[in-house]
Each structure stands twice: as C-alpha cells, then as structure tokens.
Amino acid sequence: MSGELETLSTEELRERAFKLARRRLDLGFFWDVIEHLPHSFNAETDGSPGSVGSIIDNIVESWQEFHGHGNYGEEEPLVRAAFIDYIEKHEKDPKPM
C-alpha cells in the first residue's frame with residue numbers, strides 16, 4: 001500500500017490520516033502531529049505573561065496548519081512519513097483504541 005500512498009499529496013494524506021484518527025479517537029496521534037509542525041507551541045518561554053501571547057500565536061498557527069491552511073516547511077517529509085505510517089498501521093482496524 002505504501003506505493004499508493006506515496007503518490008498522494010500531503011493534504012490527501014493528512015485528510016486520510018486525520019479521518020482515521022478521529023474514528024479511532026486517537027488523541028496521541030494528533031498531539032504527535034502538532035509537536036512536529038514547524039510552528040509548534042513547544043517554544044521556549046520565560047514564564048512572563050508576555051510569553052503566553054506568543055504561545056497562543058503558535059497554537060493558532062499550528063491549528064491552521066493542522067487544518068491544511070499552511071505548509072509544513074522543512075518538516076513536510078517527516079509529516080508525510082508519519083501520515084503514511086499511521087494509515088498503514090491502522091487503516092485495516094479503524095476501531096477506537
């Protein structure tokens with residue numbers, strides 16, 4: 001199946017993997033994807049109230065990318081591989097975890 005998946009666009013892979021993860025109620029998958037997005041909110045903060053604003057900005061940017069409204073930048077090959085791996089592992093058994 002990997003050959004078939006490799007021909008799909010990143011957006012098509014994202015849609016397919018997200019649909020599967022929603023059916024499986026797999027929050028861990030979504031969290032893993034968010035952590036690997038280029039604008040991940042794992043940014044360094046100094047704990048000051050001003051740093052919270054930058055975290056919120058990063059969450060919004062991640063949310064937009066999560067919904068296909070951005071690009072994955074240098075992380076695209078890794079994100080594509082994660083989508084393909086997830087689909088291959090779970091598409092035959094899309095039951096909730």
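G3 is partly exposed, with 49% of relative accessible area. This residue belongs to helix 1, which spans residues 2–6. In the predicted model, the C-alpha atoms of G3 and I84 are 10.0 Å apart in space, although 81 residues separate the two in sequence. I84 is one of the buried residues of helix 5.

The protein chain as a whole contains 5 helices and 0 strands, and its pattern along the sequence reads α-α-α-α-α. The chain has 97 residues, of which 32% count as buried. Its accessible surface amounts to about 6,200 Å², and carbon and sulfur atoms contribute 56% of that area. Among contacts with a separation of 6 or more, 69% are between residues 24 or more positions apart. The pairing of G3 with I84, given above, concerns residues 81 positions apart, and a second pair of this kind is formed by R16 and I87. These two residues are 71 residues apart along the chain, and their C-alpha atoms are separated by 7.4 Å. R16 is found in helix 2, while I87 is among the buried residues of helix 5.

Helix 5 covers residues 76–90. It consists of 15 residues and reaches 21 Å from its first C-alpha to its last, close to the 21 Å expected at 1.5 Å a residue. The buried residues in helix 5 are V79, R80, F83, I84, Y86, I87 and H90. They lie on the same side of helix 5, because the arc they cover around the axis is only 160 degrees. The other side of the helix carries the exposed residues P77, L78 and K89.

The buried side of helix 5 includes F83 and Y86, and both also appear in the nonpolar core. In soluble globular proteins, nonpolar side chains tend to be buried together. The largest nonpolar core of this model has 16 residues, and those touching the most other members are L5, L13, A17, F18, F29, F83 and Y86. At least two residues of this core come from each of helix 2, helix 3 (27–36) and helix 5. The surroundings of A17 give one example from within the core. When neighbours within four places in sequence are left aside, A17 is in contact with F29, F83, Y86 and I87. Of these partners, F83, Y86 and I87 are buried residues of helix 5.

Charged side chains were examined next. The count of salt bridges comes to 5. One of them links E11 to R14, with the closest N and O atoms 2.5 Å apart. The two residues lie in helix 2 (residues 10–24) and are 3 residues apart, so about one helical turn separates them. Their accessibility differs in class: E11 counts as partly exposed at 27% relative accessibility, whereas R14 is buried at 8%.

Another salt bridge is formed by R16 and E91, whose closest N and O atoms are 2.9 Å apart. R16 lies in helix 2 and E91 in the segment after helix 5, so this pair ties together parts that are 75 residues apart in sequence. R16 is partly exposed, with a relative accessible area of 25%, and E91 is likewise partly exposed, at 25%.

Within helix 5, the side chains of D85 and K89 meet in a salt bridge with an N to O distance of 3.2 Å. D85 and K89 are 4 residues apart in this helix, about one turn. D85 counts as partly exposed, at 34% relative accessibility. K89 is exposed because its relative accessible area of 56% is over 50%. Beyond these individual pairs, salt bridges that share partners join E4, R16 and E91 into one network.

Conventions:
Residues are numbered from 1 along each chain as its sequence is written. This is a predicted model: local features need pLDDT of at least 70, side-chain atom pairs count only at pLDDT 80 or more; totals for chains, interfaces and linings use all residues. Side-chain values use heavy atoms; hydrogens and water are left out. A salt bridge is a side-chain nitrogen of Lys or Arg within 4 Å of a carboxyl oxygen of Asp or Glu. Buried means under 20% relative accessible area, exposed over 50%, partly exposed in between (1.4 Å probe, protein chains only). The expected span of a helix is 1.5 Å times one less than its number of residues. The arc is that of the directions from the helix axis to the C-beta atoms. Contact means heavy atoms within 4.5 Å. Accessible areas come from the Shrake-Rupley method with a 1.4 Å probe; for residues, only the protein chains shown count as cover. A nonpolar core is a set of buried Ala, Val, Leu, Ile, Met, Phe, Trp, Tyr and Cys residues joined through side-chain atoms within 4.5 Å.
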